[in-house]
Structure formats: C-alpha cells, structure tokens
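Here are a few short exercises to work through with the viewer open. Try each one yourself before reading its solution.

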Amino acid sequence: QVQLVESGGGWVQPGGSLKLSCAASTKIFRLNAMAWYRQAPGKQRELVALITHNGATTYADSVKGRFTISGDTTRKMVNLQMNSLKPEDTAVYYCNARSFLSEFHWGQGTQVTVSS
C-alpha cells in the first residue's frame, strides 16, 4: 500500500520551473509536518523544505528565494514550487510526512532533471 504519492517531476532547462505535489494516505496518523527531501547520485539525502502543522516553513540555504513550499498538514498534502532551477537541483525528490506519533513516512520519489 502506497502511503505517499509524489507527482510533477520531470525534465526542465536551467532557469525553468516545476511544481511537485504530494498526497499522503488518510490512514497515516495526524501530521506534525510535511517536507521535501532530495538525493542526488553519490550524495546524502538532504532536507529541501519543510512546513509545520502551524504553517511555519524552513528551507535549505541552497534553495532560498527560489523554492516555495505550501500545503496543509490536516489535508496531508504538500507542494513544492521550484523556480529558477539549476543543474545542481537535479535529484530524486522525496515527500516526507511526520506524524505526532513521531513516525516518518516516505514517498517513492520523483526524478527532477535540470539540464540543457
């Protein structure tokens, strides 16, 4: 059973934009936060952006001013608007949901490729 499903990945030229979306199963316990992580080949998975249940957001320094996270933890949905994309943004992007039971749930990942 898939717990989280990501969509919106694909290929884009440098400077372009993509919007990622994620929806979590209603079977997951009430969420404290949802987030986007990414992992490039040979690199560690890193936090890209996070939104808490009260709407507070945080971003990795590398994406500040370019990416915007939005969503609703009550509805268990989160989006990531990515603008001014760079080749360095190429990675598999994973949706993450954190419950008030301290559970971490991961999506299967969606590929984002930024190249000319």
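**Exercise 1.** Which residue lies over the face of Y94, and at what distance from the ring centre?

*Solution.* Keep in mind that this is a predicted model. Start at the ring of Y94 and look along its normal: the residue over the face is R45, at 3.8 Å from the ring centre. Now try a second ring, F100. Here the charged end of R30 sits over the ring, 4.6 Å from its centre. Both distances can be held against the cut-off, which asks for CZ of Arg within 6 Å of the ring centre.

**Exercise 2.** Find the aromatic pairs and work out which parts of the chain they tie together.

*Solution.* Step one is the count, which comes to two aromatic pairs. Step two: take Y37 and W106, whose ring centres are 4.9 Å apart with 65° between the planes. Planes over 60 degrees apart count as edge-to-face, and that is the label this pair gets. Step three is the location: Y37 belongs to strand β4 (residues 31-39) and W106 to strand β10 (residues 104-106), so the contact bridges parts 69 residues apart in sequence.

Step four: go on to Y94 and W106, another edge-to-face pair, at 6.5 Å centre to centre and 85° between the planes. Y94 lies in strand β9 (residues 91-99) and W106 in strand β10, so this pair ties together parts twelve residues apart in sequence. Put together, Y37, Y94 and W106 make one aromatic cluster.

**Exercise 3.** Are the members of that cluster, Y37, Y94 and W106, buried or partly exposed?

*Solution.* The cut-off for buried is under 20% relative accessible area. Y37 comes in at 12%, so call it buried. Y94 has 15%, so it is buried too. W106 has 34%, so it goes down as partly exposed.

**Exercise 4.** Which residues make the nonpolar surface patch of about 280 Å²?

*Solution.* The patch is made by F29, F100 and L101. Pick out F29: you'll find it in the loop between β3 (18-24) and β4. With 40% relative accessibility, F29 counts as partly exposed. F100 should look familiar, as its ring is the one with the charged end of R30 over it.

**Exercise 5.** How many disulfides does the structure hold, and what is the handedness of the one between C22 and C95?

*Solution.* There is one disulfide. C22 and C95 form it, with sulfur atoms 2.0 Å apart. The S-S torsion is about -85°, so the disulfide is left-handed. It links C22 in strand β3 with C95 in strand β9, 73 residues apart. Both cysteines, C22 and C95, are buried.

Technical notes:
Residues numbered from 1 in each chain as written. Predicted model: local features only at pLDDT ≥ 70, side-chain atom pairs only at ≥ 80, totals over all residues. Heavy atoms only, no water. Phe/Tyr/Trp six-rings, centres within 6.5 Å; stacked < 30°, edge-to-face > 60°. Helix = DSSP H or I, 4+ residues; strand = E, 2+ residues; numbered from the N terminus. Buried < 20%, exposed > 50% of the residue type's maximum accessible area, 1.4 Å probe, protein only. Lys NZ or Arg CZ within 6 Å of the ring centre and 35° of its normal. Patch = residues over 30% accessible without salt bridge, like charges linked within 9 Å, V, L, I, M, F, W, Y side chains within 5 Å. Areas by Shrake-Rupley, 256 points an atom, 1.4 Å probe, with all protein chains shown as cover. Salt bridge = Lys/Arg side-chain N within 4 Å of Asp/Glu carboxyl O. Disulfide = S-S within 2.5 Å.
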